[in-house]
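Reader: Could you take a close look at the salt bridges for me? I would like a walk through individual pairs, with where they sit and how exposed they are.

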Amino acid sequence: MDDAELAHAAARGDPDAFGRLIDQHGIAARRAARAILRDDDDADDAVQEGMLAAWRAIDRYDAARPFRPWLMRIVVNAALDARRRSRVRQAEPIAETLESGGLGPDRWAEAALLREKIDAGLAELPERQRIALVLFDAEGWGHADIAATLGVPEGTVRSYVFHARRAMRKALGTLAEGMK
Amino acid sequence: MTMSPFEHQPDETLGRLLREHLTGPAPEAFLREVRVAVAGAPRADQWDVLSGWARPRTMALAVAAGFLLWLGAWFADSTSPIDVDAGVSVASSLPAHTVMSAQPPAAAEIMAAMRGDRRSPRR
């Protein structure tokens, strides 16, 4: 079953169908929320809130349009709302999630430095550039879907990705080359 | 990483780094938690949607109706006929010379008539 069929089944009240949609899009939604919120717990809460909102509104989903941008727009909005609510709080850097993967001490230190630089690079990016970069490069989305999710023209998304990549390349320097 | 930021294809190296960095710990457990939360959440049925729609509008209608009632009452007050009887009563209490005279009566004479004192004030 594709997304539209699962969404249709979910709209008829089938929670398992919506569970499969969560399985397919939940981790991408989590990455987008973490890119926005920069805090593990807040991001997970925002994804859960967004998924609940999507579940409650599933019968308003228009099957003629792609499901993923519809869902992600809800999750991204939930994350942006959470960010507005928590602006007064000090954002903590997200936890280290790269496994050492049996790297030797030198490689492990290099990986740790790379994590630090990715974190710093992402922190420096404006919010929308960060979202566009993550959705384009990490999730493989097209410009049109990102534009639909963010509610901006495609040209703006191209500009976001361009500036975000340039900033990340500057932040990472030659470190990323060594991780290939 | 892709050397040109104008590249229209996803940058695989940067993408992989970002995915590793942002995926977060225990993704399977996270998905399970979200599925459980959604499974336990009731879907809003049509009546809930309707009542959610109706509540603010009912309040707005009640406020509008109250305002219209108040406005109606205010207009009714302001357009009510002048109390002619009171005017006639005061005029009939005035001394005859003040009614017949071309000059308007003195304030003291009007006050005396309103008090019901038929005597002419001393001039």
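Author: Let's start with Arg84(A), which is exposed, at a relative accessible area of 52% in this predicted model. The side chain of Arg84(A) meets that of Asp81(A) in a salt bridge, with 2.5 Å from N to O. Asp81(A), for its part, is partly exposed, with a relative accessible area of 33%. Both belong to helix α4 (residues 67-85) of chain A, and because they are three residues apart there, about one helical turn separates them.

Helix α8 (residues 154-172) of chain A offers another pair: Arg158(A) and Glu154(A) are four residues apart in this helix, so they too are separated by about one helical turn. Their side chains form a salt bridge at 3.7 Å, N to O. As for exposure, Arg158(A) is partly exposed at 34% relative accessibility, and Glu154(A) is also partly exposed, its relative accessible area being 35%.

Now to a pair that reaches across the chain. Arg31(A) and Glu139(A) join their side chains in a salt bridge of 2.4 Å, N to O. Arg31(A) sits in helix α2 (residues 15-37) of chain A, while Glu139(A) is in the loop between α6 (127-138) and α7 (143-150) of chain A, so this pair ties together parts that lie 108 residues apart in sequence. Arg31(A) and Glu139(A) are both buried.

To place these pairs in context, the structure has 13 salt bridges over all chains.

How values were computed:
Residues are numbered from 1 along each chain as its sequence is written. Chains are lettered from A and ligands numbered from 1 in the order in which they are written. This is a predicted model: local features need pLDDT of at least 70, side-chain atom pairs count only at pLDDT 80 or more; totals for chains, interfaces and linings use all residues. Side-chain values use heavy atoms; hydrogens and water are left out. A salt bridge is a side-chain nitrogen of Lys or Arg within 4 Å of a carboxyl oxygen of Asp or Glu. Helices (H or I, at least four residues) and strands (E, at least two) are DSSP runs, numbered from the N terminus. Buried means under 20% relative accessible area, exposed over 50%, partly exposed in between (1.4 Å probe, protein chains only).
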